[in-house]
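Here are a few short exercises to work through with the structure open beside you. Try each task before reading its solution.

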Amino acid sequence: MGLIEYARAGNLKRFKNNLKEISKKEKKSEFFLFNHFLLTFLKTGCGYSDYLNYELYNKTFKEIDEYVTIKHQDKFYEIVSPAKYKTFFTIKPNFLNNFKNYINRSFFAGGTIEELKAFLDKNEEFMVKPYDGLGGKGVYKEYRKNIKNVNDFYNYLNENHLFIEEYVKQNKEVNRLCKESVNTIRIMTFSYNGKSEIVYAAMRIGNGINNVDNFHQGGMGCKIDLEKGILIGDAIDKDLNHYEVHPKSKVKFDGFVLPNWEKAKKLVLDASLVNNNIHMVGWDVALTDEGATLIEGNRRPGFDLIQVLSKRGRKDIMRHCLDIINKEEGTNYKIWKS
């Protein structure tokens, strides 16, 4: 993508305003920052948000080179999660059917109006979601009492390519963190030749305003100790604000114990073996009073949450996965240098 096309694709004016604020904070000239961004963009393919979210203006180029950008993700995922198998995950009703053994909730997607009525009779609250979407966009909570005309609602769902699913009742302890949203765990797994492992996990918590926990919809993330199943340190949102306690519930993040953590780990390790063509998945897992349930699986999980929380580039995750494939298949995939 050329610089002109790139500028059109993003919000250059907003980016320059952000640089102006960073210039004051870091005592670096706007001219230096913008030219440093251009050089970083040309070398790594980083985006406006990459540059800001990862604070690349304070990193050496050796450090910057370890960050996963969109350019690197595209190459990596074509190897570990080929696009020709994507609908197994990306079409959400497909996902719900394909992983029904790991999901304990009902849903309605493109059925008859009688089936919709039966769903509404059993669910006073539910989630409305697009068949195919990213980052929580277009997802919202709805209530049966708001549906005045079922026929109109049926047409609305079909015309907008939407489906509805039973609202997950999260574990009462997790509910203490933020009761306005289902607060999920993003667990990234890598599987190959019948073996699976967890390569990263983080808790995602809603901000108490929106009814979703997504990082791109105002939510925040917090690191997890994989062995102990506890939250580590502050939560951080996409604007890099740090929170020692939740801004609304006032529950402290550091040391918060995740209930049913071992069950959640077993759930994703088993689920990751269902499709042997997709090796890397970012699972969104809800903890319940009974155990854990899958919300969705992302065939191309983003590295932004991981790298913001890690405060460093995470090409090491890609390197680890490709080393396993190379050893098993005799290939010679390498991590791309900028």
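The chain averages a pLDDT (the predictor's confidence in each residue, from 0 to 100) of 91, and 93% of the residues score at least 70. This is a predicted model, where local features need pLDDT of at least 70, side-chain atom pairs count only at pLDDT 80 or more, and totals for chains, interfaces and linings use all residues. Residues are numbered from 1 along each chain as its sequence is written, and side-chain values use heavy atoms, with hydrogens and water left out.

**Exercise 1.** Find which elements have the lowest and the highest mean pLDDT.

Start at helix α1 (residues 3–9): its mean of 51 is the lowest among the elements. Then go to helix α12 (residues 261–271), which has the highest, 98. Helices here are DSSP runs of H or I with at least four residues, strands are E runs of at least two, and both are numbered from the N terminus. Where pLDDT is low, don't read the predicted coordinates in detail.

**Exercise 2.** Work out how strand β10 (residues 280–287) is covered.

First, count: eight of its eight residues are buried (under 20% relative accessible area, 1.4 Å probe, protein chains only). Next, take the faces: M280, G282, D284 and A286 lie on one side, with V281, W283, V285 and L287 on the other.

**Exercise 3.** Identify the strands that pair with β10.

Strands pair if DSSP finds at least two bridges between them. Strand β5 (residues 185–192) runs antiparallel to β10, joined by six bridges; F190 partners M280. Strand β11 (residues 292–298) also pairs with β10 in the antiparallel sense over six bridges, and W283 partners G297. Finally, β10 and β11 form a hairpin with four residues between them.

Conventions. Buried means under 20% relative accessible area, exposed over 50%, partly exposed in between (1.4 Å probe, protein chains only).
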